[in-house]
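Trainee: I am new to this structure. Please pick a single part and take me through it closely.

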Amino acid sequence: MKLTDAVATLIGPWLDRQRWMAHGEDGAATVEVEHSEVLVAPDGDAPGVLWFLVGAGPGPVYQALVAVRPDAIDLGERDVLGFVDADDGKHFAYDALVDPEAARKVAAVVGVPGVEEMMVRPVGAEQSNSSVVIGEKVIMKVYRRVQPGPNPDVEVGTALDRVGFNHLPSPIAVWSRGDYDLAVAQEYLAGGTEGWALALASLRDLYGGAEPDPAEAGGNMASEARRIGDMTARLHVALSEAFGLHPGAADEWARSTEERAASLRLGPEVGRKVAALAARVRRLAETGALGPSIRVHGDYHLGQVMRTDSGWYVLDFEGEPARPLAERRLPWPPAKDVSGMLRSFHYASAVALADRDRGDQDALAGRARAWELHAREAFLEGYNRVEGIGSLLPGGDPEGEATRELTTFFEVDKALYEVAYERAHRPDWEQIPRDAIDRLLAG
């Protein structure tokens with residue numbers, strides 16, 4: 001049996017163990033290898049690399065990069081496919097991106113210059129892509145779930161670099177095959193800290209200290225939130241230059257949000273209030289006060305921004321990978337990203353609170369709310385002050401009623417999405433977005 005055919009028999013069970021795999025309702029997906037080939041042939045004890053394009057059910061397509069070598073190496077159960085007997089002998093098959101030697105070979109295929117001489121280390125965090133740091137100068141992101149057409153991460157990053165937006169890592173190489181963008185290599189922001197980590201550190205200081213006012217406590221987040229707001233507005237201005245202005249689809253947004261609320265069965269009162277909010281968004285469109293739509297980040301939160309010595313950077317323009325590609329490339333109002341970051345401030349305050357002893361949580365709830373409001377106001381202050389941002393907002397007014405209504409609408413829409421996500425993956429956290437929905441709809 002050919003080596004690729006032998007390894008293909010192990011792809012399904014291996015995919016089924018991955019957190020980035022979309023499972024069906026019965027917890028297992030039917031997979032079919034659509035294409036396979038040897039990218040790098042094994043040579044003695046040196047690993048080879050095989051590439052697979054795998055369909056899973058009616059929608060998702062995954063790429064699998066599998067390393068093979070004669071003998072087993074010490075890896076976690078999730079990373080191992082197993083041994084196969086092929087025409088050229090017995091091979092140990094495993095995820096190529098967890099082995100520095102195999103990952104270096106993948107990076108050479110992607111086109112990272114000088115990778116043969118640089119140290120390679122996999123990044124443990126698993127999202128919708130897997131990352132490898134090369135020489136502490138380059139980070140290579142390999143997309144796990146792929147769709148035909150331009151990957152927004154590649155497309156938007158390249159376009160922003162072209163218009164001179166310098167708050168994102170510089171692109172170095174892109175690996176595409178046929179209609180699929182498969183991997184990208186970018187400048188690695190050494191020493192950077194994610195916004196989420198900074199927020200949790202700030203909250204730990206506030207919850208653990210004597211000072212209840214977040215403006216006076218150690219690790220005050222406001223100045224950083226203000227800088228994030230400034231960068232976000234500059235991002236939106238740059239995106240409007242790169243991709244232009246487009247009309248909004250208020251009726252479609254409103255209908256989608258109403259349907260999502262109905263599907264979650266949150267009760268008739270929530271349904272009525274969501275319908276009223278959706279009606280106000282439709283009215284903005286009817287009165288010409290909706291404002292333009294632009295390409296946006298699409299999945300914007302504290303985990304997608306990074307603080308370095310030279311300022312804040314925005315990361316990962318993939319959008320929400322579970323959504324169809326065409327939907328992820330649609331123009332949206334800037335309020336979609338703004339609402340994502342505002343929701344992230346709430347999430348950070350709630351998650352940090354959940355880490356405290358249950359007896360402390362009620363006593364600290366006021367500090368959590370104060371921290372969220374403090375960060376939120378600072379973010380909006382930084383955002384609204386950037387020259388040119390007003391022309392992208394409803395009525396041309398960053399602080400106008402129409403802008404507030406549209407932002408609230410997308411905050412509610414995002415919170416509804418979060419309820420669905422938490423219900424499916426982290427039921428203990430469902431109350432976080434439900435509390436936000438109640439608060440936002442109460443006005």
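Mentor: We start with the whole chain, then look closely at one helix, and end at a loop.

This is a predicted model. The protein chain holds twelve helices and 14 strands. Its radius of gyration is 23 Å, close to the 22 Å that the globule rule gives for 443 residues, so the chain is as compact as a globular protein of that length. Along the principal axes, the C-alpha atoms fill a box of roughly 70 × 50 × 45 Å. Of the 443 residues, 51% count as buried. Take the contacts between residues at least 6 apart in sequence: 67% of them join residues at least 24 apart. The accessible surface comes to about 19500 Å². Carbon and sulfur atoms account for 49% of that surface. The chain has 46 positive and 70 negative charges, and their mean positions lie 4 Å apart.

Now the close look. Helix α3 spans residues 152–162. It is mostly covered, with eight of its eleven residues buried. Which residues of α3 are buried? They are Pro152, Asp153, Val154, Glu155, Val156, Gly157, Ala159 and Leu160. Note that Asp153 and Glu155 are on that list. What do the buried residues pack against? Their partners include three strands: β8 (138–143), β10 (171–177) and β11 (180–187). Two helices also take part, α5 (222–243) and α8 (325–328).

Look next at the two ends of α3. At its start, asparagine 151 comes into play. A side-chain oxygen of asparagine 151 reaches to within 2.8 Å of the backbone nitrogen of aspartate 153. That same aspartate is one of the buried residues of α3. Just after the helix, glycine 164 takes a positive phi of about 90°.

Finish with one residue elsewhere in the chain. Histidine 297 sits in the loop between α7 (268–286) and β13 (305–308). Is histidine 297 buried or exposed? Its relative accessible area is 2%, so it is buried, as the cut-off for buried is under 20%. The side chain of histidine 297 reaches the backbone oxygen of leucine 315 at 2.8 Å. Now leave aside its neighbours within four places in sequence. Histidine 297 is then in contact with Leu239, Gln304, Val314, Leu315, Asp316, Phe317, Gly319 and Asp337. Leu315 thus appears twice for this histidine: in the contact list, and through its backbone oxygen.

Technical notes:
Residues numbered from 1 in each chain as written. Predicted model: local features only at pLDDT ≥ 70, side-chain atom pairs only at ≥ 80, totals over all residues. Heavy atoms only, no water. Helix = DSSP H or I, 4+ residues; strand = E, 2+ residues; numbered from the N terminus. Rg over C-alpha atoms; globule rule 2.2 N^0.38 Å. Buried < 20%, exposed > 50% of the residue type's maximum accessible area, 1.4 Å probe, protein only. Contact = heavy atoms within 4.5 Å. Areas by Shrake-Rupley, 256 points an atom, 1.4 Å probe, with all protein chains shown as cover. Lys, Arg positive; Asp, Glu negative; His and termini not counted. Charge placed at Lys NZ, Arg CZ, Asp CG, Glu CD. Polar contact = N/O pair within 3.5 Å; in protein donor to acceptor, adjacent residues only side chain to side chain.
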